[in-house]
Amino acid sequence: MAVRVAVAGASGYAGGEVLRLLLSHPEVEIGALTGHSNAGELFGNLQPHLGPLAERTLQATTPEVLAGHDVVFLALPHGQSAAVAAKLGGEVLVIDMGADHRLKDPADWDKFYGGTHAGTWPYGLPELPGGRAALAGSKRVAVPGCFPTAVSLALFPAYQARLAEPEAVIVAATGTSGAGKALKTNLLGSEVMGTATPYGVGGVHRHTPEMVQNLTPLAGERVSVSFTANLVPMARGILATCSAKALPGTTAESLRAAYEKAYAEEPFVQLLPEGRWPTTKSVQGSNAVQLQVAYDESAQRVIAISAIDNLTKGTAGGAVQSMNIALGLPEQLGLSTIGVAP
């Protein structure tokens, strides 16, 4: 019997991406597609690339419309998921693709987002230690942010193996889709093309506490994170360059061995051969993570670089992967590690 799925916020980038993946999922039947300001519009006018759904009409996001589904994906702006989720029964698998249920510390939520903390749900990054066990059978899932996905997977083996000091410096480039589909002057083509722009500088980026939250348990002590994001002229993708001071005794060999051990059985993490470096184009449209690690002996620093598609592994792909685990389905159903080029 097919799993009946609804997507709230279906007209946005995240909602459209999860629907693109679900259309290829052999165990899924797509039910209600909902929106807010776009309710009543023909779906094909909003997401023309999703041809099989083109004749559907976008409905309002109400408990009545979302009722009767086995799974509900919430691709809603930050701060809006909790109210919708509260009206859905405990028998429904609710997957929040926004930030409402990611953070454990209410003080972090108040500082970086503001308002009332909605509580913490099982975290949808299966590759982290204990991640799959937390998701199995769960009826609530918080999908990670795109930057924390790229950064956490880049650095966790170094911290788990106690090869790096608990401080990380991260510089990541990302495309415009990470900012959502709403019109913004700074995201116009004429503003973005031919330039790179930093943002969220100085410890204020909202994804920073999520990175600290993920890495701290692995290091055994609080990890400080200095994170700078850069907007670059591409639609999709994240390239995260992460470094940390190496602990005494770290070598290039021990570092490589730690990453090989951590990711030997992971279907979506591709630890590249030495000398080959991740590129965003290589993972475009896929749920793959490309990863490379190096030891900078002169600076005594661990360098880990990851590439993901922010909309796939960084959002919708991670959500579908988590759904599969929560429902007891094969983890790779509906997901690909094959990128699109050129």
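Where along the chain is the place of Gln300? Gln300 sits in the loop between β12 and β13, and we'll come back to its backbone below. First, a heads-up: this is a predicted model. The protein chain has 12 helices and 13 strands, and 53% of its 342 residues count as buried.

**Overall build**

- For 342 residues, a compact globule would have a radius of gyration near 20 Å, and the protein chain comes in at 19 Å, which agrees.
- The C-alpha trace spans about 60 × 45 × 40 Å along its principal axes.
- Take the contacts between residues at least 6 apart in sequence: 70% of them join residues at least 24 apart.
- To put one pair on that scale, Ala264 and Glu27 are 237 residues apart along the chain, with their C-alpha atoms separated by 28 Å.
- Ala264 belongs to the loop between α10 and β11, and at a relative accessible area of 55% it is exposed.

**The seven-stranded sheet**

- An open sheet of 7 strands runs in the order β8-β9-β7-β10-β13-β12-β11, and its pairing is mixed.
- The edges go to β8 and β11 (269-271); each has a single partner strand, so one side of each is left without a neighbour in the sheet.
- On average, neighbouring strands of this sheet are turned by 20 degrees against each other, direction ignored.
- At the β11 edge, β11 pairs with strand β12 (residues 289-296) in the parallel sense, over 3 bridges.
- One residue match there: Val269 has Val289 in β12 as its bridge partner.

**Helices against the sheet**

- α7 lies across β7 (167-174), β8, β9 (224-231), β10 (238-245), β12 and β13 (301-308), and it runs at about 35 degrees to β10.
- α9 also packs on the sheet, where it touches β7 and β9, and its direction makes about 135 degrees with that of β9.

**Strand β1 and its partner**

- Strand β1 (residues 3-8) has 5 of its 6 residues buried, so it is largely enclosed by the rest of the structure.
- β1 pairs with strand β2 (residues 28-35) over 5 bridges, in the parallel sense.
- Within that pairing, Val7 stands opposite Leu33 in β2.

**Aromatic pairs and a charge over a ring**

- The structure holds 3 aromatic pairs.
- One of them is Trp109 with Tyr113: the ring centres are 4.4 Å apart and the planes are at 15 degrees, so the pair is stacked.
- Both partners are buried, Trp109 at a relative accessible area of 3% and Tyr113 at 15%.
- Another pair, Phe156 with Tyr263, is edge-to-face, at 5.6 Å centre to centre and 85 degrees between the planes.
- Phe156 lies in helix α7 (residues 146-160) and Tyr263 in helix α10 (residues 252-263), so this pair ties together parts that are 107 residues apart in sequence.
- Phe156 counts as buried at 3% relative accessibility, and Tyr263 does so at 5%.
- Elsewhere, the charged end of Arg140 sits over the ring of Trp121, 5.7 Å from the ring centre.

**A buried histidine**

- His205 lies in the loop between β8 (197-199) and α9 (208-219).
- Despite being in a loop, His205 is buried, with a relative accessible area of 9%.
- Leaving aside neighbours within four places in sequence, His205 is in contact with Phe112, Phe147, Tyr199, Gly200, Phe227 and Ala229.

**Backbone spots to look at**

- Gln300 has a positive phi of about 55 degrees although it is not a glycine; at 41% relative accessibility it counts as partly exposed.
- Arg162, also not a glycine, has a positive phi of about 55 degrees.
- Arg162 is found in the loop between α7 and β7 and is partly exposed, with a relative accessible area of 43%.
- Ala341 and Pro342 are joined by a cis peptide bond, with omega about 0 degrees.
- Pro342 is in the segment after α12 (312-327).

Key. Residues are numbered from 1 along each chain as its sequence is written. This is a predicted model: local features need pLDDT of at least 70, side-chain atom pairs count only at pLDDT 80 or more; totals for chains, interfaces and linings use all residues. Side-chain values use heavy atoms; hydrogens and water are left out. Rings of Phe, Tyr and Trp (its six-membered ring) pair if their centres lie within 6.5 Å; planes under 30 degrees apart count as stacked, over 60 as edge-to-face and the rest as tilted. Buried means under 20% relative accessible area, exposed over 50%, partly exposed in between (1.4 Å probe, protein chains only). Helices (H or I, at least four residues) and strands (E, at least two) are DSSP runs, numbered from the N terminus. A charge sits over a ring if NZ of Lys or CZ of Arg is within 6 Å of the ring centre and within 35 degrees of the ring normal. Contact means heavy atoms within 4.5 Å. Two strands pair if DSSP finds at least two bridges between them. Axes are lines fitted to C-alpha atoms, for helices over the stretch in contact, and angles run from 0 to 180 degrees between N-to-C directions. The radius of gyration is taken over C-alpha atoms; the globule rule is 2.2 Å times the number of residues to the power 0.38.
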